[in-house]
Amino acid sequence: MTSKGVARMGSTPNPVPSTHGRAVIRAVLAAAASALLVAGCSIGGNVTGPGSTPSPSASSGSPNAEVPPKRWAAIISDLTTRGVPTDSVALVSARSVTWNDGALGCPKPGQSYTQAQVPGMQVVVSVGAVTYDYRFGRSDNPQLCQR
């Protein structure tokens, strides 16, 4: 090829694309990468909108799991903060759960949550005739689910 872009007889074309050609290739690659990223986020994902309630999926834990002492103490502390007498707190159920997202199965309207599975626990206790449904994610900080 000559510098004017005209091929001479018997010469091989230049394999390096022009500046415009490189820009087109970059744009096509960027579009393909974006499409893969969007597709990867939606395949098998559990996208929840405002007001939707993702259900917990069973994990490898026991359906009647034992409540770790730190989590039990956190529940008692939360009940005390709410003015609930803690002398007759009874464990109703405790189970290991893998929550579908950061809402821990109890989304609050207008809030955004991490869209990733969260290993945790659901602990239901009662005081008298009142039942309290506590949710835990990775930490020992309880979240009272009030529906």
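Strands β2 and β3 run antiparallel and are joined by ten bridges; strands here are DSSP runs of E with at least two residues, helices are runs of H or I with at least four, and both are numbered from the N terminus. Two strands count as paired if DSSP finds at least two bridges between them. The model is a predicted one, so local features need pLDDT of at least 70 and side-chain atom pairs count only at pLDDT 80 or more, while totals for chains, interfaces and linings use all residues. Residues are numbered from 1 along each chain as its sequence is written, and side-chain values use heavy atoms, with hydrogens and water left out.

On its other pairing, β3 meets β4, again antiparallel, through seven bridges. Serine 126 ties into both pairings: alanine 90 stands opposite this β3 residue, and its bridge partner in β4 is threonine 131. β3 and β4 make a hairpin with two residues between them, and glycine 128 in the turn has a positive phi of about 65 degrees.

How much of β3 is buried? Nine of its ten residues are, so the strand is largely enclosed by the rest of the structure. Buried is taken as under 20% relative accessible area, exposed as over 50%, and partly exposed as anything in between (1.4 Å probe, protein chains only).

Valine 118, a β3 residue, is buried at a relative accessible area of 10%. Setting aside neighbours within four places in sequence, valine 118 is in contact with Val97, Thr98, Trp99, Asp101, Gly102, Leu104, Gly137 and Arg138, contact being heavy atoms within 4.5 Å. Glycine 102 sits 16 residues from valine 118 in sequence, with the two C-alpha atoms 6.5 Å apart in space. Valine 97, another of these contacts, belongs to strand β2 and is buried, with 1% relative accessibility. The C-alpha atoms of valine 97 and proline 119 are separated by 6.1 Å, although the two residues are 22 residues apart along the chain.

Leucine 104, also in contact with valine 118, is part of the loop between β2 and β3. Its relative accessibility is 8%, so leucine 104 counts as buried. What is the sign of its phi? Positive, at about 55 degrees, although leucine 104 is not a glycine. Most residues other than glycine have a negative phi.

That loop also holds one end of the disulfide. A search of the whole structure turns up one such bond, defined as a pair of cysteine sulfur atoms within 2.5 Å. It joins cysteine 106 to cysteine 145, S to S 2.0 Å. Cysteine 106 is in the loop between β2 and β3 and cysteine 145 in the segment after β5 (143–144), so the pair ties together parts that are 39 residues apart in sequence. The torsion about the S-S bond is about 90 degrees, so the disulfide is right-handed. Cysteine 106 is buried, with a relative accessible area of 6%, and cysteine 145 is buried too, at 9%.

Next comes helix α2 (residues 69–81). The expected span of a helix is 1.5 Å times one less than its number of residues, so the 13 residues of α2 should span 18 Å, and the end C-alpha atoms are indeed 18 Å apart. Which residues of α2 are buried? They are Arg71, Ala74, Ile75, Asp78 and Leu79. These residues cover an arc of only 135 degrees around the axis, which puts them on the same side of α2; the arc is that of the directions from the helix axis to the C-beta atoms. Residues three or four places apart in an α-helix point the same way because there are 3.6 residues a turn. Pro69 and Lys70, on the other side of α2, are exposed. The buried residues of α2 pack against β2 (89–99), β3 (118–127) and β4 (130–136). Glycine 83 follows α2, with a positive phi near 80 degrees.

Helix and strands come together in the largest nonpolar core, where Ile75, Leu79, Val123, Val125, Tyr132 and Tyr134 touch the most other members of the 15. A nonpolar core is a set of buried Ala, Val, Leu, Ile, Met, Phe, Trp, Tyr and Cys residues joined through side-chain atoms within 4.5 Å. To this core α2, β2, β3 and β4 each supply at least two residues, and the largest share, four residues, comes from β3. Valine 123 has contacts, beyond its neighbours within four places in sequence, with Val67, Ile75, Leu91, Ser93, Ala94, Tyr132, Asp133, Tyr134 and Phe136.
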